[in-house]
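Work through the exercises below with the sequence and the 3D view open. Try each task before reading its solution.

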Amino acid sequence: MDFSLVQSIGPGSGAATIAVRIETLIATGRLRPGERLPAVRSLAAELGVSPATVAAGYRSLRDRGLVRPDGRHGTVVAHQPPLRVRPARPLPPGVRDLASGNPDPALLPPLGPVFARISPAHKLYGGPAILPQLAEIARAGFAADGITGDIAVAGGALDGIERLLQAELRPGDRVGVEDPSWPRIGDLVTAIGLRAEPIEVDQTGLLPDRLAAALQAGARAVIATPRGQNPTGAAIDAQRAADIQQVLSGHPRVLVIEDDYIADVAGAPYAALHGRSDRWAVIRSVSKVLGPDLRLATVAADPLTTSRVAGRQLLGAGWVSHLLQQTVATLRSDAAASALVARAKREYATRRAALVAALAERGITAHGRSGLGVWIPAEEETAIVQALAERGWAVSPGERYRYHSAPGLRVTTATLQPAEARRLAGEIAAVVRGQATTYAG
């Protein structure tokens with residue numbers, strides 16, 4: 001950091017002041033995501049306070065998701081703290097963005113014609129929260145995969161997950177999360193006062209024995225991705241789903257949240273995890289399918305869970321805008337939009353496979369069974385990411401996704417054409433060989 005943290009906090013400050021001052025530094029961008037804070041004893045000595053005072057300040061920040069422990073590196077600023085922070089620096093000109101996780105805009109349906117078809121009539125207080133047409137479409141989509149339950153509508157997948165967790169759990173409760181996992185899941189869990197219990201995944205999803213250990217440790221909810229797992233591309237097959245159901249059957253009151261956020265274009269069949277659970281929910285977002293700005297997800301869940309989520313929603317936002325619900329329902333009913341979604345599913349599968357195959361030709365293992373990206377195991381992930389950036393490719397380091405799992409790189413393949421995949425694979429191979437030579441020497 002290019003400033004004095006001690007002067008910013010103030011000598012002799014109490015725990016509350018330490019926490020507030022550090023939070024302000026994070027909010028203003030002077031302390032950036034991933035930046036390391038001084039060790040407790042070191043900062044305590046410089047401030048002239050007891051280590052217990054600094055530890056209490058750090059603990060307050062950690063409990064609110066602003067900072068996180070980072071093993072031997074001590075305490076670091078969270079990658080996505082629950083604050084309005086400065087946006088990430090734009091990529092340099094000419095650098096190909098394979099890190100953001102966005103879908104291909106060319107494979108999203110146009111919205112202009114849809115807006116001309118929706119009703120401009122105002123929705124007034126006291127009416128139904130869910131547009132009947134959207135509820136019918138959602139119910140039919142879930143039923144096609146054998147999912148029966150009551151329907152709710154949320155403002156996107158993460159909004160649905162947050163509402164589910166807050167309706168069922170209390171601060172301090174443990175939540176089983178995938179390892180590696182989409183960073184926003186862990187950030188959200190921490191920000192609402194819950195404790196993440198990492199569960200290792202392989203290419204067919206949660207490992208049953210690790211799930212059992214998390215439940216034994218007291219997890220009261222589990223968040224799992226049936227397919228298109230971010231970042232690994234894992235997809236749960238029928239056998240793994242049966243094994244997971246068997247583990248969960250011993251804990252019927254644990255809330256099972258299936259984040260099936262990319263269902264329509266995942267490129268893998270759905271396999272249910274909740275079949276033997278009393279409390280469950282399956283969430284399907286439209287953001288990767290119809291457009292990121294359409295902040296809407298449908299939720300199928302057991303009646304009590306749906307009632308709690310809908311009831312809590314009524315005390316806050318009330319409902320998801322019916323203009324948005326009409327837009328989604330109209331797109332879901334449109335033949336041309338449905339054909340484009342089907343094409344997107346095929347294209348994404350082709351693009352994932354092209355990169356995996358090109359890497360395999362160069363002796364590099366990669367995974368991409370489903371979803372919008374490919375996961376490449378790599379020990380020196382940070383150095384490789386930096387080297388690729390210098391060659392014009394922006395990819396994501398696995399560090400942001402991992403708890404205890406092995407290092408790797410995440411490459412978004414949604415817009416990566418097969419010819420580009422071959423060039424990228426060649427660049428990755430060259431960088432990896434260079435790293436191996438450097439460390440061998």
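**Exercise 1. A three-stranded sheet**

Which residue in β15 is the bridge partner of Pro397?

Solution. The model is a predicted one.
Step 1: Find the two strands. β14 covers 396-397, and strand β15 covers residues 408-412.
Step 2: Look at how they pair. β14 and β15 run antiparallel and are joined by two bridges.
Step 3: Read off the partner. Pro397 is bridged to Leu409 in β15.
Step 4: Place the pair in its sheet. The strand order is β12-β15-β14, in an open sheet of three strands with antiparallel pairing. β12 (373-377) and β14 are the edge strands, each pairing on one side only.

As background, strands of a sheet pair through backbone hydrogen bonds, in either the parallel or the antiparallel sense.

**Exercise 2. Two parallel pairs**

Find which residue stands opposite Val222 in β9, and which stands opposite Val177 in β6.

Solution. Step 1: Take strand β8 (residues 219-224), which pairs with β9 in the parallel sense over four bridges. Within this pair, Val222 faces Val256 of β9.
Step 2: Take strand β5 (residues 174-179), which runs parallel to strand β6 (residues 195-202) and is joined to it by six bridges. Here Val177 lies opposite Pro198.

**Exercise 3. Covered strands**

How many residues of strand β9 (residues 255-259) are buried?

Solution. Step 1: Apply the cut-off: a residue is buried under 20% relative accessible area.
Step 2: Count. Five of the five residues of β9 are buried, and the strand is mostly covered.
Step 3: Sort them by direction. Leu255, Ile257 and Asp259 point one way, while Val256 and Glu258 point the other way, and all are buried.
Step 4: Turn to β5. Five of its six residues are buried, so β5 is largely enclosed by the rest of the structure.

**Exercise 4. Two single residues**

Is Thr298 buried or exposed, and is Gly250 buried or exposed?

Solution. Step 1: Locate Thr298 in strand β11 (residues 297-301). Its relative accessibility is 10%, so Thr298 counts as buried.
Step 2: List its contacts, leaving aside neighbours within four places in sequence. Thr298 touches Ala138, Phe142, Ala152, Val153, Val282, Ile283 and Arg284.
Step 3: Locate Gly250 in the loop between α10 (238-248) and β9. With a relative accessible area of 54%, Gly250 is exposed.
Step 4: Relate Gly250 to another part of the chain. Arg276 is 26 residues away along the chain, and the two C-alpha atoms are separated by 9.1 Å.

**Exercise 5. The whole chain**

Describe the chain by its elements, its extent, its burial and its charges.

Solution. Step 1: Count the elements: the chain has 15 helices and 15 strands.
Step 2: Judge the extent. The radius of gyration is 23 Å, which agrees with the value near 22 Å for a compact globule of 441 residues. Along the principal axes, the C-alpha atoms fill a box of roughly 65 × 55 × 45 Å.
Step 3: Check burial and surface. Of the 441 residues, 50% count as buried. The chain exposes about 19,900 Å², and carbon and sulfur atoms supply 53% of this area.
Step 4: Check the contacts. Among those between residues at least 6 apart in sequence, 73% join residues at least 24 apart.
Step 5: Compare the charges. There are 49 positive and 41 negative charges, and their mean positions are 3 Å apart.

Key: Residues numbered from 1 in each chain as written. Predicted model: local features only at pLDDT ≥ 70, side-chain atom pairs only at ≥ 80, totals over all residues. Heavy atoms only, no water. Buried < 20%, exposed > 50% of the residue type's maximum accessible area, 1.4 Å probe, protein only. Contact = heavy atoms within 4.5 Å. Rg over C-alpha atoms; globule rule 2.2 N^0.38 Å. Areas by Shrake-Rupley, 256 points an atom, 1.4 Å probe, with all protein chains shown as cover. Lys, Arg positive; Asp, Glu negative; His and termini not counted. Charge placed at Lys NZ, Arg CZ, Asp CG, Glu CD. Pairing = 2+ DSSP bridges.
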